[in-house]
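Please look over the structure shown here before reading the briefing that accompanies it.

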Amino acid sequence: MLTIDGVTVRFGGVKAVDNFSTEVADGEICGLIGPNGAGKTTLFNVITRILQPNSGHIAFDGADLLAARAYQVVRLGIARTFQNLALFPTMTVLENTVTGAHSRARVSLLESAVWWPPALRRDRELRDEAYEILRRLDLEDVAFEKAGGLPFGTLKRVELARALASRPRMLLLDEPAGGLTHGEVAELGDLIKHVREEFKLSVLLVEHHMGLVMGITDHVVVMDNGEKIADGRPDEVRDNPKVLDAYLGRAS
């Protein structure tokens, strides 16, 4: 589904990502781990076209992803969540979720502004789809509540719902367990696996919570100082001496 080949990103004289290559299979949950500053979020920003790499190639379902502009990425089938919540606090949970479907709207701003009947019909369709996503994520009870003031764990699920509203084929989750309690992390792991099966998509997960990563992924890639140091099944990566040294702080 996703092929990254020889990607390098430099900031001045610093290589944030250094000749990085990996693949994410269709329907797979892939974990991308590494210490702070390893280059994980930089790589996410390249995939979502926020950053342009200095060299390398990325293909998504066979298409050249680097030929796309940032606003076109979601239309290709890639949706993303962020480390820090990026919701609209004065909007309802349903309204926040609907914003994720904007890339599928087929009416203009003018048509919406003058209450053109097809625009109203399309708006109702998107709201119905968004509410169904909330129902499937057990969020229908808060659908009409303002996002601001809701519990942090709930807001994490709302951000996931918004990403799903674009009907992605791949989800990029940037530290979804950050700020969650132990119990919420366990629920999150079940939710990610459920979403993979329910919505039939692939997941690329950046996460520091090793228990979550090792418990739900099919495949783990480890970065350190911009380079890939391990790539394989969770049990293979967990016992890799380079990972124990660089990421877990243990000597081999």
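The notes that follow take up the sheet, the helix lying across it, the main pocket and the salt bridges in turn.

This is a predicted model. Its four-stranded open sheet is antiparallel in its pairing, its largest pocket holds about 480 Å³ of space, and twelve salt bridges occur in the structure.

**Sheet and helix 1**

- The open sheet is built from four strands in the order 2-1-4-5, with antiparallel pairing, and its edges are formed by strand 2 (14-24) and strand 5 (63-64), each of which pairs on one side only.
- Strand 4 (residues 55-60) runs antiparallel to strand 5 and is joined to it by two bridges; within this pairing, Ala59 of strand 4 stands opposite Asp64 in strand 5.
- Helix 1 (residues 40-47) lies across strand 1 (2-11), strand 2 and strand 4, and its direction makes an angle of about 115 degrees with strand 1.

**Largest pocket**

- The lining of the largest pocket comprises 18 residues, and those lying nearest its centre are Val74, Ala79, Arg80, Phe82 and His102.
- Helix 2 (73-76), strand 6 (78-80) and helix 6 (152-164) are the elements that each give two or more residues to this lining.
- Sorted by class, the lining has ten nonpolar, five polar and three charged residues.

**Salt bridges**

- Among the twelve salt bridges is one in which the side chains of Arg167 and Glu129 meet, at 3.1 Å from N to O.
- This pair links distant parts of the chain, 38 residues apart, with Arg167 in the loop between helix 6 and strand 7 (170-174) and Glu129 in helix 5 (residues 117-136).

How values were computed
Residues numbered from 1 in each chain as written. Predicted model: local features only at pLDDT ≥ 70, side-chain atom pairs only at ≥ 80, totals over all residues. Heavy atoms only, no water. Pairing = 2+ DSSP bridges. Contact = heavy atoms within 4.5 Å. Axes fitted to C-alpha atoms, helices over the stretch in contact; angles between N-to-C directions. 1 Å grid on protein atoms, 1.4 Å probe; cavity = no way out; pocket = protein on both sides within 12 Å on 5 of 7 lines; lining within 4 Å. Points joined across faces, edges and corners; volume = space filled by probe spheres on them. Nonpolar A, V, L, I, M, F, W, Y, C, P; charged D, E, K, R; others polar. Salt bridge = Lys/Arg side-chain N within 4 Å of Asp/Glu carboxyl O.
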